[in-house]
Amino acid sequence: QDYKGQKLAEHIFQGIILVSAVIGFIYGFITEQFGWTIYIVLAGFAVSCLVSLHNNTVPEKQDLPYTAYLSLLVALGTFGR
């Protein structure tokens with residue numbers, strides 16, 4: 001369940017970076033300025049981060065089965081010693 005969302009986010013992340021890299025290369029090649037290539041790729045990276053990174057403040061709809069058990073172990077102080 002959770003891995004499907006991670007896979008989709010990774011594909012979106014890589015797709016946006018790939019498209020921005022191609023656009024940046026073409027624009028930089030036409031204008032003969034390497035700086036524009038870097039700016040466009042960095043902008044694509046920023047957009048892909050904003051689009052695909054998970055917002056941790058939003059509670060998960062379905063907790064993984066072991067998270068309740070780990071929370072109990074942490075609360076009891078028996079985990080992480």
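Student: Where is F45 found, and what makes F45 count as partly exposed rather than buried or exposed?
Tutor: F45 is found in helix 2, where helices (H or I, at least four residues) and strands (E, at least two) are DSSP runs numbered from the N terminus. Buried means under 20% relative accessible area, exposed means over 50%, and partly exposed is what lies in between, with a 1.4 Å probe and protein chains only. The relative accessible area of F45 is 41%, and therefore F45 is called partly exposed.

Student: What kind of model is this, and how are its residues numbered?
Tutor: This is a predicted model, in which local features need pLDDT of at least 70 and side-chain atom pairs count only at pLDDT 80 or more, while totals for chains, interfaces and linings use all residues. Residues are numbered from 1 along each chain as its sequence is written, and side-chain values use heavy atoms, with hydrogens and water left out.

Student: Which residues does F45 touch, leaving out those up to four places away in sequence?
Tutor: With those residues not counted, F45 touches F13 and I17, where contact means heavy atoms within 4.5 Å. F45 and I16 are 29 residues apart in sequence, and their C-alpha atoms are 7.5 Å apart in space.

Student: Why is S48 called buried?
Tutor: S48, which lies in helix 2, has a relative accessibility of 0%, and so S48 counts as buried. Leaving aside neighbours within four places in sequence, S48 is in contact with F13, I16, I17 and L53.

Student: How do you know that S52 has a polar partner in S48?
Tutor: A polar contact is a pair of N or O atoms within 3.5 Å; within protein, one must be able to donate a hydrogen and the other to accept it, and residues adjacent in sequence count only if both atoms are side-chain atoms. A polar atom of the side chain of S52 lies 2.7 Å from the backbone oxygen of S48, and this distance is therefore within the 3.5 Å limit. S52 lies in helix 2, which covers residues 34–52, and S52 also counts as buried because its relative accessibility is 16%. Beyond its neighbours within four places in sequence, S52 is in contact with A9 and F13.

Student: What makes L18, V22, F25, I26, F29 and I30 a patch?
Tutor: Patches are made of residues with over 30% relative accessible area and no salt bridge (a side-chain nitrogen of Lys or Arg within 4 Å of a carboxyl oxygen of Asp or Glu). Like charges are joined within 9 Å, and nonpolar side chains (Val, Leu, Ile, Met, Phe, Trp, Tyr) within 5 Å. These six residues form a nonpolar patch on the surface, and together they have about 670 Å² of accessible area, a value that comes from the Shrake-Rupley method with a 1.4 Å probe, in which only the protein chains shown count as cover for residues. One of them is V22 in helix 1, residues 2–31, and because its relative accessible area is 43%, V22 is partly exposed.

Student: What is unusual about the phi of E32, and how do you know whether E32 is buried or exposed?
Tutor: E32 has a positive phi of about 55°, although it is not a glycine. Most residues other than glycine have a negative phi. E32 has its place in the loop between helix 1 and helix 2, and E32 is called exposed because its relative accessible area is 71%.

Student: Which residues does UniProt list as "transmembrane region", and what does the model show there?
Tutor: The unreviewed UniProt entry lists residues 12–30 and 36–53 under that name; the positions are given in the numbering used here, feature names are shortened, and annotations may be inferred rather than shown by experiment. In the model, residues 12–30 are 100% helix and 0% strand, with end C-alpha atoms 27 Å apart, whereas residues 36–53 are 94% helix and 0% strand, with end C-alpha atoms 25 Å apart.

Student: How many helices and strands does the protein chain have?
Tutor: The protein chain has 3 helices and 0 strands, and its pattern along the sequence is α-α-α. Of its 81 residues, 12% count as buried.
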